[in-house]
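Trainee: Could you take a close look at one single spot with me, and then show me how to read the rest? I'm new to this, so plain words, please.

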Amino acid sequence: MEKAALKLVVIGGSAGSVDVIMRIVPFLPSDPDFSIVLVLHRKSSDDTTLEDVVSIKSAMKVIPVEDKTMLETGAIFIAPSDYHLLFEPTGELSLDVSEKINYSRPSIDVSFESAAAIYKNRLTAILLTGANSDGTAGLISVKENDGFVIIQDPESADIPFMPANALENMTPDLVLDVDGIVNFLNSGF
Amino acid sequence: MTATDSEIEAIISTIFEYYGYDFSGYSRASLNRRVNRLLELGNYSHVEDLLSRIRHEPDYFERVVGDLTVNVTEMFRDPQFYKQLREKILPIIGTKPFIRIWHAGCSTGEEVFSMAILLDEHKLLEKTLLYATDISPDVLQTAKKGIFPLRQMKQYAENYASSGGKEDFSKYYMANYGLAKFEDRLIARMVFSQHNLVSDRSFNEFDLILCRNVLIYFDKDLQNRALTLFDDSLPNLGFLALGSKENIKFSVLSHRYQQVEREKIWKKLR
């Protein structure tokens with residue numbers, strides 16, 4: 001597989017983010033040249049529910065992540081609850097049950113940092129609504145590795161704390177509301 | 001500080017050279033995080049300082065092994081998994097005159113004690129031996145004491161109840177000074193020993209092998225090596241149980257094992 005050609009979008013979100021995802025996925029292209037990895041804080045009991053609703057609304061293929069799932073172009077990958085999701089140099093996704101970070105597992109910081117180290121300037125990281133500070137350190141790492149950073153406009157966020165915290169600590173490439181994120185993902189970026 | 005790829009390689013090769021532990025087949029993203037955590041916890045400013053301590057202090061190295069491997073675990077983790085063990089697997093292996101179970105990568109032992117409780121409630125404990133192994137001698141020292149923080153018991157009691165447990169969970173331990181000490185009669189059926197899935201061989205035959213959330217830290221080649229080791233340790237119709245996001249679908253075992261139901265438990269067919 002052509003790992004070098006893979007464009008990757010990692011979307012991190014916490015409280016309120018499932019609603020945002022539901023407003024984004026119906027408007028994604030059916031056969032894009034990128035893949036999306038969703039890293040959302042949620043209860044383990046909600047795992048299959050999220051996978052089901054995203055599948056119903058999305059034209060893209062939806063793949064629940066298990067150990068060593070191979071990333072492929074044009075699909076949406078969903079991180080399971082209660083595991084950190086990491087990116088391997090082989091193009092595989094790996095899981096890790098080590099200590100929670102920012103009271104969270106999966107931690108958005110962990111996934112952003114790990115993706116940044118491998119995908120560098122082919123990575124776009126998007127941070128959505130949420131009530132804790134997870135994601136900020138990860139976005140800084142994405143920037144340091146020449147990736148592209150988008151933060152949801154806190155004004156458009158259900159719970160503005162998480163995007164606002166990121167904005168206080170780093171300068172993103174774009175600050176967008178939900179429609180803006182949809183337009184960006186359809187722009188061939 | 002953050003270790004570079006070549007510094008990670010240096011750590012892996014030093015550990016192998018001095019102690020024979022081979023971490024080269026570990027998933028790199030996770031191992032990198034463990035190494036960086038180790039550097040942070042030890043306040044190292046140069047990787048060379050860590051390497052030097054590893055070379056000269058075997059006692060310190062034992063702690064390093066514990067820190068490089070992930071030792072986050074809980075009792076009755078994934079209650080639905082334990083429910084399936086309770087309802088589907090124990091009635092089958094319970095028909096045997098003597099039962100051997102292997103917990104590979106048992107960490108601090110919480111899941112071994114969970115299994116002992118299930119066996120006890122099926123009146124099978126007295127004819128069972130639980131072999132519990134881990135790469136890290138440090139965590140085995142904790143596991144064999146059967147003493148866990150009392151503050152976790154509320155969560156464990158909830159897990160136990162969701163797994164189909166009907167008893168008062170607190171009857172299995174004595175609470176004292178913030179600790180919960182589990183009953184000696186549970187510990188009496190356990191054998192703890194150091195075992196390295198990367199380099200050691202099969203040491204017995206088992207009716208059930210549990211290896212939960214260990215293979216996620218291995219790359220595909222090392223996973224296949226460990227799975228072959230389990231295969232060598234299982235008779236036909238023996239059971240293999242893995243973590244909830246682990247799978248043998250694309251492994252060397254896939255065509256000879258059948259998943260029992262929804263949970264990650266397979267039966268060896270041939």
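Mentor: Let's begin with a definition: a residue is called buried when its relative accessible area is under 20%, exposed when it is over 50%, and partly exposed in between. Keep in mind that what you see is a predicted model.

Now for our spot, A:D82. Its relative accessibility is 32%, so A:D82 counts as partly exposed. Where does A:D82 lie? Look in the loop between β5 (75-78) and β6 (84-87) of chain A. If we leave out residues up to four places away in sequence, A:D82 touches A:V97, A:R105 and A:P106. Try another partner, A:V65: along the sequence A:D82 and A:V65 are 17 residues apart, and in space their C-alpha atoms are 12 Å apart.

With that spot in hand, let's move over to chain B. Chain B has ten helices and ten strands. Its radius of gyration is 19 Å, close to the 18 Å that the globule rule gives for 270 residues, so chain B is as compact as a globular protein of that length. Follow the C-alpha trace along its principal axes and you get a span of about 55 × 50 × 30 Å.

What about the inside and the outside? Of the 270 residues in chain B, 53% are buried. The chain exposes about 12,100 Å², and carbon and sulfur atoms supply 49% of that area. Take the contacts in chain B between residues at least 6 apart in sequence: 76% of them join residues at least 24 apart. As for charges, chain B carries 36 positive and 37 negative ones, and the mean positions of the two groups are 7 Å apart.

Last stop: cysteines. A disulfide is a covalent bond between the sulfur atoms of two cysteines. How many disulfides does the structure hold? Over all chains, zero. B:C106 is in no disulfide, and the nearest cysteine sulfur, 10 Å away, belongs to B:C211. Now turn it around: why does B:C211 lack a bond to B:C106? The sulfur in B:C106 is the closest cysteine sulfur to that of B:C211, but at 10 Å it is too far for a bond, because a disulfide needs the two sulfur atoms within 2.5 Å.

Are these two cysteines buried or exposed? Here the definition we began with helps again. B:C106 has 7% relative accessibility, so it counts as buried. B:C211 is at 0%, so B:C211 counts as buried too. Set that beside A:D82, which at 32% counts as partly exposed.

Note on methods: Residues numbered from 1 in each chain as written. Chains lettered and ligands numbered in written order. Predicted model: local features only at pLDDT ≥ 70, side-chain atom pairs only at ≥ 80, totals over all residues. Heavy atoms only, no water. Helix = DSSP H or I, 4+ residues; strand = E, 2+ residues; numbered from the N terminus. Rg over C-alpha atoms; globule rule 2.2 N^0.38 Å. Buried < 20%, exposed > 50% of the residue type's maximum accessible area, 1.4 Å probe, protein only. Contact = heavy atoms within 4.5 Å. Areas by Shrake-Rupley, 256 points an atom, 1.4 Å probe, with all protein chains shown as cover. Lys, Arg positive; Asp, Glu negative; His and termini not counted. Charge placed at Lys NZ, Arg CZ, Asp CG, Glu CD.
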